[in-house]
Amino acid sequence: MAGQQDKAPLISETRRRFETEYLPEKSDKYDSRDVERLQQDDNWIENYLIWRHDVVDDTLKMIDESFQWRKEYMVNDLSESALPKWLFENGALYLHGYDKEGYKLFWFRVKFHTKDPKLQFEKKKFVAFWLEHYARREHGKPLTVVFDMAETGLSHIDLDFIRFIINCFKVYYPNYLSKIVIFEMPWIMNAAFKIVKGWLGPDAISMLKFTNKNEVQEYISVEYLPAYMGGIDTFKYSYPPLVDDDFQTPLCENGPITTEDETESKEEVEAYSKEAGEFSEEQILGAKKVCSVEQSSKPEENDKTDSKTKNAKKALTIFKGQLLHISPAEELFFGSKEIGEKKCLIVLTNVTKNVVAFKVRTTAPDKYRVKPSNSSCEPGTSIDIVVSLHGGFAASLQDRFLIMAAEMDQASGAGVPELAQFWKEVPRNKVMEHRLRCHVVESSKPSTLTLKDNSFNIPTKTNEDLHLQLTQLLQVNRRLQEQIDRCVWFQQLIVVLALFLVAIASFCLYALYTQRC
């Protein structure tokens, strides 16, 4: 948030100049939905500014090029049904797993790619589909590209396609690239990747990570590496369905297991409330009633449910969705094993005029208890969801949570049977989805509300500070690289001149020798 405030004048200037200098002449070259988003989404403009080092002129050129590309490829209309099925079945491109920093992995299995000019445009649209699919759900979170070049040869080299992928991150999806991990690149392709380095430019050259079976685990844990890379991941690509995060029902959904009685559930909720130290009596009562409605299928008990739980304190960030406002917006902060912070709070606020049903899923169902994980929220009210680590488990950067929400008819009812039937029948396009990732803090200063101490300690260095330092380092690195390039050029020039002089001297000696003979 601090970064946006610092860049607010630049964001305003970029938006104003785009509307006055570009939009009048090129409106027919842009998708109106992109223009509308630019007028509303500060984060989108900020990403362009970051990628162009806050130079507004360069940022505007980048937005112009990006918007024209988005309309050409009809990015806003890309969907599974709009692309040939064989692209999905091929298995050359997909999202799966996370690297050690918690960034999503975008796999390019090069051995499944064949160069065919007739199919190139469709394949490029397929890349755009995946990147747009990811960008819309992760809201600016970078990802890691894995070029898996095992069992590849010259027949698989497609520099035009590789250049397109690189340009997607350089121009069309700015600030989305964390690194490029290249696995087992054949030596015969060294010359080709020297060209690729030139496309990346000096700012991004440090993002290239050349690895083999022994080195790839520096960046990706064995949990998300297949066996041929030295990992233990048993994942095998198949389609349908579309490969996505493996979100499942968390452990002990809706609180205690079904054999435990309601009294134990209430005692457990009260224990959580005491640990937080910030809940009011109204909150404790609300939490009790939330658990009650999820364990009872009787309509008369459901009618007594009151989900008007209000926070004594709210987390620092809020995602403002069409149906729910969700806090925190992006990350749940858990402590390491040493710190022992094992509980976090998610606050859902219904901003509609109807009842909203919600479900919470996680990629690590054995680790977490989520209470409640399947319930409903009355119009204008909030519900607190307690996420706690189970047993001796520790949170991981790779763990994710998915919050699904959809509007219900007033007459539908909100009991367990009604909710189960509702989720079976609700159309996919009516479901709002939002993802949260886990962040493990090594100190006792999480930047969101944890139920251990309920404090609001902000880390001494924000992401924006670190990014500024990184940008400065990259600029210094670029200047050094330019100096090295000049030195190399002078060395090459001197070598050429020396060879030229040697050639002249040899010619003169040969001429003198022939004259004497």
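## A tour of the aromatic rings

Start by selecting Trp-69, Tyr-73, Phe-121, Tyr-134, Phe-164, Tyr-172, Tyr-173 and Tyr-176, which together make up one aromatic cluster. Keep in mind as you look around that this is a predicted model. Counting ring pairs with centres within 6.5 Å, the total is 31 aromatic pairs.

Now narrow your selection to two members of that cluster, Trp-69 and Tyr-172. Their ring centres are 4.1 Å apart and their planes meet at 0 degrees, so this pair is stacked. Colour by secondary structure next: Trp-69 belongs to helix 4 (residues 56–72) and Tyr-172 to helix 7 (residues 159–172), so the pair ties together parts that are 103 residues apart in sequence. Are these two rings buried or exposed? Trp-69 is buried, at 4% relative accessibility, and Tyr-172 is buried too, at 10%.

Next, select Tyr-368 and Phe-401. Here the ring centres lie 4.9 Å apart with planes at 70 degrees, so the pair is edge-to-face. Show the strands as well: Tyr-368 sits in strand 11 (residues 368–371) and Phe-401 in strand 14 (residues 400–407), so this contact ties together parts that are 33 residues apart in sequence. Switch on a surface and check both residues: Tyr-368 counts as buried at 0% relative accessibility, and Phe-401 is buried with a relative accessible area of 0%.

Two stops remain, each with a charge over a ring. Select Arg-37 and Trp-44: the charged end of Arg-37 is placed over the Trp-44 ring, 3.7 Å from its centre. Finally, pick Lys-104 and Tyr-98, where Lys-104 lies over the face of Tyr-98 at 4.5 Å from the ring centre.

How values were computed: Residues are numbered from 1 along each chain as its sequence is written. This is a predicted model: local features need pLDDT of at least 70, side-chain atom pairs count only at pLDDT 80 or more; totals for chains, interfaces and linings use all residues. Side-chain values use heavy atoms; hydrogens and water are left out. Rings of Phe, Tyr and Trp (its six-membered ring) pair if their centres lie within 6.5 Å; planes under 30 degrees apart count as stacked, over 60 as edge-to-face and the rest as tilted. Helices (H or I, at least four residues) and strands (E, at least two) are DSSP runs, numbered from the N terminus. Buried means under 20% relative accessible area, exposed over 50%, partly exposed in between (1.4 Å probe, protein chains only). A charge sits over a ring if NZ of Lys or CZ of Arg is within 6 Å of the ring centre and within 35 degrees of the ring normal.
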